[in-house]
Amino acid sequence: MSLKEALHWRSATKSYNGKIIEKDKIEQILEAVRMAPSSSGMQPFKVFVITNKELREKLQPIACQQQQIIQASHILVFAAWDEYTTERVDSFFEFSNQVRNLPSSATDDYRLNLLEMLNKKTKDEHFTNASLQTYIALGFGLLAAADLKIDATPLEGFDNKAVDELLNLSGQNLKSTVMMALGYKDEETDWWSKLDRVRRPNEELFVEIK
Ligand SMILES: Cc1cc2nc3c(=O)[nH]c(=O)nc-3n(C[C@H](O)[C@H](O)[C@H](O)COP(=O)(O)O)c2cc1C
């Protein structure tokens, strides 16, 4: 499928048929999530990949009873760092230098400047910044799914605090931001995919500055 076809094929699936996604396909979608760019490359989040039935039954009532939570093959919960602590930042740069076989001093200037900038911001500002990174990963995952003809739904309709509690996210210094359901749509009942995709026209969306 071409990029254009994938973009027009996908829709935010409302109803799944329960079919499980093949292992290699879910791995490719997770790889797209993993390879998404993030600010300074820190990937300040974790992604919970949920297939467990009992957990999903607990998730559904705190996610506006959305049926995708139960019917889909996989539910991804994106959870952002609640704060860019010095420890988290240092540990990322240490890891990055190890991967690139560089001495830790290679990134010292950059790391210290970044820490100085972060220290001027509040914890809420840290979380807002980290949460934005999860949406880029979500976008990569959505497009990868479409490319593989896997149906997907981005989901923000849930009670973040309740989800944080259910997954013990505060114990991990994380906060939920967004979810993604993945699976195969129920062709008969997924009314949404039968509607035209609605997008504002180019001339309204894009402002050309030549
Ligand atoms: C961040 C975000 C949160 C969303 N939350 C939900 C949701 O909770 N439930 C749902 O059914 N659709 C949800 N959607 C889907 C949007 O309503 C949908 O993408 C939009 O109406 C455009 O439709 P399309 O994606 O099918 O083209 C969400 C989309 C985004 C990007």
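Q: How many aromatic pairs does a search of the whole structure find?
A: The search finds 4 aromatic pairs. Two rings of Phe, Tyr or Trp (for Trp, its six-membered ring) pair if their centres lie within 6.5 Å; planes under 30 degrees apart count as stacked, over 60 as edge-to-face and the rest as tilted. The model is predicted: local features need pLDDT of at least 70, side-chain atom pairs count only at pLDDT 80 or more, and totals for chains, interfaces and linings use all residues. Residues are numbered from 1 along each chain as its sequence is written, and side-chain values use heavy atoms, with hydrogens and water left out.

Q: Why is the pair of Trp-191 and Trp-192 called edge-to-face?
A: Two values settle it: the ring centres are 5.5 Å apart and the planes stand at 90°. The distance is within the pairing limit and the angle is over the edge-to-face limit, so the label applies.

Q: Why does Trp-192 count as partly exposed?
A: Its relative accessible area is 31%. Buried means under 20%, exposed over 50%, and partly exposed in between (1.4 Å probe, protein chains only). The value for Trp-192 falls in between, so the residue is partly exposed. Trp-191, at 48%, is partly exposed too.

Q: Which residues do ring pairs link into a cluster?
A: Phe-92, Phe-93 and Tyr-110 are linked by ring pairs.

Q: What makes Lys-19 a charge that sits over the ring of Tyr-184?
A: The charged end of Lys-19 is 4.2 Å from the ring centre. The rule asks for NZ of Lys or CZ of Arg within 6 Å of the ring centre and within 35 degrees of the ring normal. The distance meets the first limit, and Lys-19 is listed as sitting over the ring. Lys-175 lies over the face of Phe-127 in turn, at 4.6 Å from the ring centre.

Q: Which residues come nearest to the ligand?
A: Arg-10, Ala-12, Lys-14, Gln-66 and Trp-192 do, out of 15 residues around the ligand. A residue is near if one of its heavy atoms lies within 4 Å of the molecule.

Q: What polar contact does the side chain of Trp-192 make with the ligand?
A: An N or O atom in that side chain is 2.6 Å from an oxygen atom of the ligand. A polar contact is a pair of N or O atoms within 3.5 Å; within protein, one must be able to donate a hydrogen and the other to accept it, and residues adjacent in sequence count only if both atoms are side-chain atoms. The Trp-192 pair is within that limit, so it counts. Backbone atoms contribute as well: an N or O of Ala-12 lies 2.8 Å from a ligand oxygen, and one of Glu-156 lies 2.9 Å from a ligand nitrogen.

Q: How much of the ligand does the protein bury?
A: The protein buries 70% of the 620 Å² that the ligand exposes when taken alone. Accessible areas come from the Shrake-Rupley method.

Q: What makes up the shell around the ligand?
A: The shell divides into 5 nonpolar, 5 polar and 5 charged residues. Strand E3 (residues 151–155) gives the largest share, 3 residues.

Q: Why is Ala-152 called buried?
A: Ala-152 has a relative accessible area of 7%, which is under the buried limit, so the term fits. The residue belongs to strand E3. Its C-alpha atom is 11 Å from that of Ile-29, 123 residues away along the chain.

Q: Why is Gln-133 called buried?
A: Its relative accessible area is 7%, so Gln-133 too is under the limit. Gln-133 lies in helix H7 (residues 123–147). Its side chain reaches the backbone nitrogen of Ser-39 at 2.8 Å.

Q: What is unusual for a residue that is not a glycine in the phi of Ser-40?
A: Ser-40 has a positive phi of about 60°. Most residues other than glycine have a negative phi. Ser-40 lies in the loop between helix H2 (23–35) and strand E1 (45–50). Asn-173 has a positive phi as well, about 55°, in the loop between helix H8 (160–166) and strand E4 (174–183).

Q: How many helices and strands does the chain have?
A: The chain has 9 helices and 4 strands. Both are DSSP runs numbered from the N terminus: helices (H or I) need at least four residues and strands (E) at least two.

Conventions
Accessible areas come from the Shrake-Rupley method with a 1.4 Å probe; for residues, only the protein chains shown count as cover. Ala, Val, Leu, Ile, Met, Phe, Trp, Tyr, Cys and Pro count as nonpolar, Asp, Glu, Lys and Arg as charged, and the others, Gly among them, as polar.
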